[in-house]
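This report goes through salt bridges, a few buried residues and the enclosed spaces of one model. The sequence and structure come first.

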Amino acid sequence: MNDLPAARTASYTVLYEGYGNDGVASTVGYIEDGDVRVVTDPGMVKNRSFIIDPLRALGVEAESVTDVVFSHHHPDHTLNAALFPNARFHDHWAIYSGDRWTWRDAEGYELTRSIKLIRTPGHTHEDITTLAGTPGGVAAFTHVWNDATSAGDRHAVDLDALHLGRQRVLAVADIVIPGHGAAFIPGADTPR
């Protein structure tokens, strides 16, 4: 199976850089490809304006976000989902919109030809990674790393799966946006 997105027409922005010490906040991302506007992991932040204001600075209102992707269902990654009233919501096994629950496996699911979901369990059994094909490379919004230096994950349900997920992401990602830290370019010192 080829994990690379089929196209490279998306753009992305980190709306909020998360952290995991002295409180917890998820790293919140934004991906745009044509008319598709995706927010990833709109979870816990000190103030909801930390999500909404950067979006507005991009000229995007919360009501125009078309899709929200949850890497997994922990509250620190999902708490602010209701900020996006018109979005479809994606997780590991379905798409939710209004009162509709549409079953589908996230593995290989394409929101567009440039935005693809893959399964990367480890932190939870249901974790997924969002891959965005951009003109500059592939960006991976993922929780297989908490931050660039995470050797393991003290909350992981399956460390072996986590390390396999890291290998899978590293095989395609030019930049990694981890669950609770700054984006990083993977290299030889990236924890496997």
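Arg88 is partly exposed, with a relative accessible area of 29%. In this predicted model, Arg88 forms a salt bridge with Asp67, and the closest N and O atoms are 2.8 Å apart. The two residues belong to distant parts of the chain: Asp67 lies in strand S4 (residues 67-69) and Arg88 in strand S5 (residues 88-90), 21 residues apart. Asp67 has a relative accessible area of 3%, so Asp67 is buried.

**Other salt bridges**

The whole structure holds six salt bridges. Another of them joins the side chains of Asp3 and Arg168, at 2.7 Å from N to O. This pair also links distant parts of the chain, with Asp3 in the segment before strand S1 (11-16) and Arg168 in helix H3 (residues 159-170), 165 residues apart. Asp3 counts as buried because its relative accessibility is 9%, under the 20% cut-off. Arg168, at 22% relative accessibility, counts as partly exposed. Asp3 and Arg168 are also part of a network of salt bridges that includes Glu107.

The side chains of Arg56 and Glu61 meet in a salt bridge of 3.0 Å, N to O. Arg56 is partly exposed at 47% relative accessibility, and Glu61 is partly exposed at 36%.

The three pairs described above are set out here.

| Acidic residue | Basic residue | N to O distance |
|---|---|---|
| Asp67 | Arg88 | 2.8 Å |
| Asp3 | Arg168 | 2.7 Å |
| Glu61 | Arg56 | 3.0 Å |

**A buried aspartate without a salt bridge**

Which side chain of opposite charge is nearest to Asp127, and how far away is it? The nearest is Arg119, 9.0 Å away, and Asp127 is buried yet has no salt bridge. A salt bridge needs a side-chain nitrogen of Lys or Arg within 4 Å of a carboxyl oxygen of Asp or Glu, so at 9.0 Å Arg119 does not qualify as a partner of Asp127. Asp127 does have a polar contact: its side chain is joined to that of Thr124 at 2.5 Å. Asp127 is placed in the loop between strand S9 (115-119) and strand S10 (128-134).

**Two buried loop residues**

Ser71 sits in the loop between S4 and helix H2 (75-78). Its relative accessibility is 4%, so Ser71 counts as buried. The side chain of Ser71 makes a polar contact of 2.8 Å with the side chain of His72.

Gly43 is in the loop between strand S3 (36-40) and helix H1 (49-57). With 0% relative accessibility, Gly43 counts as buried. From Gly43 to Asp53 there are ten residues in sequence and 15 Å in space, C-alpha to C-alpha.

**Cavities**

How many cavities of 30 Å³ or more does a search of the whole structure find? The search finds two. The largest cavity has a volume of about 50 Å³. Its lining is made up of Thr27, Thr40, Asp41, Phe141, Thr142, His143, Ile177, Pro178 and Gly179. By class, these are three nonpolar, five polar and one charged residues.

The second largest cavity holds about 30 Å³ of space. Ser71, the buried loop residue described above, is one of its lining residues, together with Thr40, Asp41, Val69, Ile128, Thr130 and Phe141. That lining divides into three nonpolar, three polar and one charged residues. Thr40, Asp41 and Phe141 appear in the linings of both the largest and the second largest cavity.

**The largest pocket**

The largest pocket contains about 310 Å³ of space. Among the residues that line the largest pocket are the histidines His74, His123, His155 and His180. The lining also includes Asp76, Asp147 and Arg154, as well as Asn21 and Asn146. Tyr19, Gly20 and Val24 complete the lining. By class, the lining of the largest pocket has two nonpolar, seven polar and three charged residues.

Methods:
Residues numbered from 1 in each chain as written. Predicted model: local features only at pLDDT ≥ 70, side-chain atom pairs only at ≥ 80, totals over all residues. Heavy atoms only, no water. 1 Å grid on protein atoms, 1.4 Å probe; cavity = no way out; pocket = protein on both sides within 12 Å on 5 of 7 lines; lining within 4 Å. Points joined across faces, edges and corners; volume = space filled by probe spheres on them. Nonpolar A, V, L, I, M, F, W, Y, C, P; charged D, E, K, R; others polar. Helix = DSSP H or I, 4+ residues; strand = E, 2+ residues; numbered from the N terminus. Buried < 20%, exposed > 50% of the residue type's maximum accessible area, 1.4 Å probe, protein only. Lys, Arg positive; Asp, Glu negative; His and termini not counted. Polar contact = N/O pair within 3.5 Å; in protein donor to acceptor, adjacent residues only side chain to side chain.
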